[in-house]
Structure formats: structure tokens, C-alpha cells
Amino acid sequence: MQLSIDHAGPTPPYEQLRSQIAEQARTGDLPAGLKLPTVRALAEQLGLAANTVARAYRELEADGVVETHGRRGTLVAAVGDTAHRLAAAAATEFADRAHRLGLSRDEAQAALSGALDLVYRNG
């Protein structure tokens, strides 16, 4: 697992860690079922506070990238299926809310497109 943290960069360390692990899981560089280092071990390895690593792991778990199994540790989840399922659920929730707000389909698509442009341009 190749991870690097730019301590002087504008992106918070937990987000750098989260995005690198997520990308490596997505590409298969971190295969499903791989056990990740403990929070303390990874924090020590990267020169981070344990809370920083714990936050990255929590966000990865919320995104379905990793699964935490108590004493068995934190394992890389089967990302493809989980990521697509979570994205579909979020899209459905957005569509339902836009409809309840009275937006037309075109207005909802414009709002979604604008949000995606912001995230993917700045992410």
C-alpha cells in the first residue's frame, strides 16, 4: 500500500488518506479482503495523529470502501458493487427530493450537473 501525505498541502491529511485508499481500492491495487494497518500503526507510519487516520477509516467505511470487523480489523470491501449501489441510492434520494420540491426534470438535471461540475473540478 503506497500512501503519502503532503503535510503542507491545502487538502486535509484525513482527506488525502481517504482519497488515496479509495482510489487504490477502486483500481484493485488494494484487493477486496486485504487487511489494512491498524489506526495506530498507520498513523505512526505516516506521521499523523491517530484521530486523523480514524476519521479517514470512518469515512471510508461510510462510503462502503472498507469494512470494520472488530478484532479482525479493517478490510477492503468489494468496492465496485458497493460504490455503485450507494451512488444509485443517493441519486434516487436526490430525484425524490427534487420532485417533492417541484423541480422539473430539466431543472433537477441542471442542479445535479452543477453539483457534479463543482465536485469533480475541485476534487
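Which side chains meet in a salt bridge at 2.6 Å, N to O? In this predicted model, the pair is Arg18 and Glu15. The close-ups below take that pair and its neighbours in turn.

**Close-up A. Arg18 and Glu15 pair up within helix 1.**
Helix 1 covers residues 13-27, and both partners sit in it. They are three residues apart, which is about one turn of the helix. The N-to-O distance here is 2.6 Å. Is Arg18 buried or exposed? Arg18 counts as buried because its relative accessible area is 16%, and the cut-off for buried is under 20%. Glu15 comes in at 21%, so Glu15 is classed as partly exposed.

**Close-up B. Glu15 and Arg18 join a network with Asp63.**
Pull back from the first pair and another residue comes into the picture: Asp63. Salt bridges link Glu15, Arg18 and Asp63 in a network. When you look at this view, keep in mind that Arg18 is the buried residue of close-up A, at 16% relative accessible area.

**Close-up C. Glu23 and Arg26 make another salt bridge in helix 1.**
Here the closest N and O atoms are 2.7 Å apart. Once again the partners are three residues apart, about one turn of the helix. How accessible is Arg26, buried or exposed? With a relative accessible area of 56%, Arg26 is exposed, because anything over 50% gets that label. Glu23, at 38%, counts as partly exposed.

**Close-up D. Arg55 and Glu59 form a salt bridge in helix 3.**
Now we move to helix 3, residues 50-62, which holds both Arg55 and Glu59. These two are four residues apart, about one turn of the helix. Their closest N and O atoms lie 3.2 Å from each other. Both side chains land in the partly exposed class: Arg55 has 36% relative accessibility, and Glu59 has 25%.

**Close-up E. Arg55 also lies over the face of Tyr14.**
What is the distance from Arg55 to the ring centre of Tyr14? It is 3.7 Å, with Arg55 lying over the face of the ring. So Arg55 turns up in two views, because it sits over a ring here and forms a salt bridge with Glu59 in close-up D. As for rings paired with rings, there is nothing to show: a search of the whole structure finds zero aromatic pairs.

**Taking stock of the charged pairs.**
Side chains of opposite charge can pair when their charged atoms come close. In total, the structure holds four salt bridges.

Key:
Residues numbered from 1 in each chain as written. Predicted model: local features only at pLDDT ≥ 70, side-chain atom pairs only at ≥ 80, totals over all residues. Heavy atoms only, no water. Phe/Tyr/Trp six-rings, centres within 6.5 Å; stacked < 30°, edge-to-face > 60°. Lys NZ or Arg CZ within 6 Å of the ring centre and 35° of its normal. Buried < 20%, exposed > 50% of the residue type's maximum accessible area, 1.4 Å probe, protein only.
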